Amino acid sequence: MAVSFNEVPSNWPLPLFWAEVDPSKAGGVIISDRALLWGIKLAGGSAAVNVPVPVGSDAQGAALFGAGSMAALMLSAFRRRNTTGEVWVLPLAEPAAGVAASGTIAVTAAPTAAGTIPLYIAGQSVPVLVTASDTTAQVATKIAAAIAAKTTLPVTGVASTSTVTLTAKWKGLTGNDIRIEHSYRGTQGGEALPASLALTITAMASGTGAPTLDTGIANLGDQEFDHQAFPFTDSASLDAFRDLIKARWAYDRQLYGWGFSAMRGSYADLLTFLATRNDPAISVDMLEVATPTPVWEISALNAAAAAQALNADPARPLQTLLLTGALPAPAPSRFTKGERAALALQGGWTHSVTNDDQIAVEASVTTYKYNSYGVEDRAYRRIETRATLTRVLRELRAIVTSEYPRHKLANDGTRFGPGQAIVTPNTIRARLVAQYRDLEDRGLVENAKAFKEALIVERDGTDPNRVNVLFPPDLVNQLVVFAVLAQFRLQYPTEAAA
């Protein structure tokens, strides 16, 4: 009997028609591109700490993690940008030994006309109505009431005489990132304080501590999470996240994935930060100090935009993707092109601002710059490289596990009947070349001829049940720079024109 059956016995005695079903030639890669958001939950949220949970809506997020929590705000930001992707949240406890950040809004002069205070907290608009007869203490009370009414804010507000004290809803360094400001859009945008009203704002500060990550990392297990939004940029947290991603790329796990974070700072501070990082699967968005939207939302928005785009095509560059709902720094406070270029060269993810004041992805790079010897290395510079390589490896795995799950292995040249579940190095090689050409047709790889020449498929010298493969894909690249030398003339010579 030449045909290899899995179920029908060779000596089956009963008539007539017996069929077993073999799906090995019909399978393919199922792309989930599941995203994971790391965020601190509040005590009032019902979700278990350190246990990843899938979440489908903002309402669920508020119930699971607490309204105005980091985790709930990250989920809302992700869903603004990506309404269809599968998203999970890993809720973390606030640092037990941490301190919550705080800031103040002091009302130093009362209004002489009715109007609206165009207040912004963490990038959210918090309009406050005042009248011409309000005292400074009454204005402070109204500000505190407006803060209390907006449950999505990451702060609480308490008025005392003419000052409102704002406190982050969770402990930790990240609370210092919450911005308090007014009249963000300026008079051209119709925003200004009511006549004579004066506010003195003390920025959020004094938050300390970072969450413990060990238990959450362990609880991720072997679930695949390609796009991870990680809002913590202290060295210990980033190191733990780097080690997690590295472990998920190991040969015995094959989970893959990459991370998106964000950091706020001056140009000099961000360059100093980048000099300390060399993480081949982590991208950190460089935010100007005056960017209203907090780092955790920017992290989630970058993950959401990347998940949607890379799911459709992992090799297309992410530049120009919009971070829906994020507020950019006011024009005078933005990094120049030269500054953004320098940050990108040092491994900083950068963004531009469109003519209608939307933040768009610019340089989609990781912080990786050097190999283990400190020599400059471009291998993992772009996040699209990781995404494309992941797609290629998963498709290769799908072929092997679906088409050769219980095959016998023989040397090249072995004679066996058609239909036998046997493979040889040459048959495997031919299948890999065919798959590579399919990947080339879909724009994920290039140079099929060179790939075929470099591909090695051979039986192991000591283990007769093992095949060793040198699989050398040439990943397609991204059109990032279009350089033009405009060598103009006022008029070509007559003979050249002829």
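**Exercise 1. What percentage of the chain is helix and what percentage is strand over residues 209–367, and how far apart are the end C-alpha atoms?**

Before we start, a word on the material: this is a predicted model, in which local features need pLDDT of at least 70 and side-chain atom pairs count only at pLDDT 80 or more, while totals for chains, interfaces and linings use all residues. Residues are numbered from 1 along each chain as its sequence is written, and side-chain values use heavy atoms, with hydrogens and water left out.

*Solution.*
- Step 1: Over residues 209–367, the chain is 35% helix and 16% strand. Here helices (H or I, at least four residues) and strands (E, at least two) are DSSP runs, numbered from the N terminus.
- Step 2: The end C-alpha atoms of residues 209–367 lie 24 Å apart.
- Step 3: In UniProt, an unreviewed entry gives residues 209–367 the feature "domain: Tail sheath protein subtilisin-like". UniProt positions follow the numbering used here, feature names are shortened, and annotations may be inferred rather than shown by experiment.

**Exercise 2. Work out the strand order of the six-stranded open sheet and find its edges.**

*Solution.*
- Step 1: The order is β2-β3-β1-β11-β12-β13, with mixed pairing. Two strands pair if DSSP finds at least two bridges between them.
- Step 2: β2 (53–54) and β13 (282–287) are the edge strands; each has a single partner strand, so one side of each lacks a neighbour in the sheet.
- Step 3: Now zoom in on one pair: β11 (residues 227–229) and β12 (residues 258–264) are parallel, with three bridges. Gln228 has Gly259 in β12 as its bridge partner.

**Exercise 3. Describe how helix α5 sits on this sheet and which of its residues are buried.**

*Solution.*
- Step 1: α5 (residues 235–248) lies across β1, β11, β12 and β13, at about 170° to β11. Axes are lines fitted to C-alpha atoms, for helices over the stretch in contact, and angles run from 0 to 180 degrees between N-to-C directions.
- Step 2: List the buried residues of α5: Ser237, Leu238, Phe241, Leu244, Ile245 and Arg248. Buried means under 20% relative accessible area, exposed over 50%, and partly exposed in between (1.4 Å probe, protein chains only).
- Step 3: These buried residues share one side of α5, because they cover an arc of only 120° around the axis. The arc is that of the directions from the helix axis to the C-beta atoms.
- Step 4: Turn to the face away from the buried side, and you meet the exposed residues Ala236 and Lys246.
- Step 5: The packing partners of the buried residues include α4 (214–219) and α6 (267–274), where contact means heavy atoms within 4.5 Å.

**Exercise 4. Follow Ala106 to its partners in β8 and β10.**

*Solution.*
- Step 1: β4 (residues 100–109) runs antiparallel to β8 (residues 163–171), joined by six bridges. Ala106 stands opposite Thr163 in β8.
- Step 2: β4 also pairs with β10 (residues 198–205), again antiparallel and over six bridges. In β10, Thr200 is the bridge partner of Ala106.

**Exercise 5. How many residues of α9 are buried, and what is its span?**

*Solution.*
- Step 1: α9 (residues 383–403) reaches 30 Å from its first C-alpha to its last, close to the expected 30 Å. The expected span is 1.5 Å times one less than the number of residues.
- Step 2: α9 is mostly covered, with 15 of its 21 residues buried.
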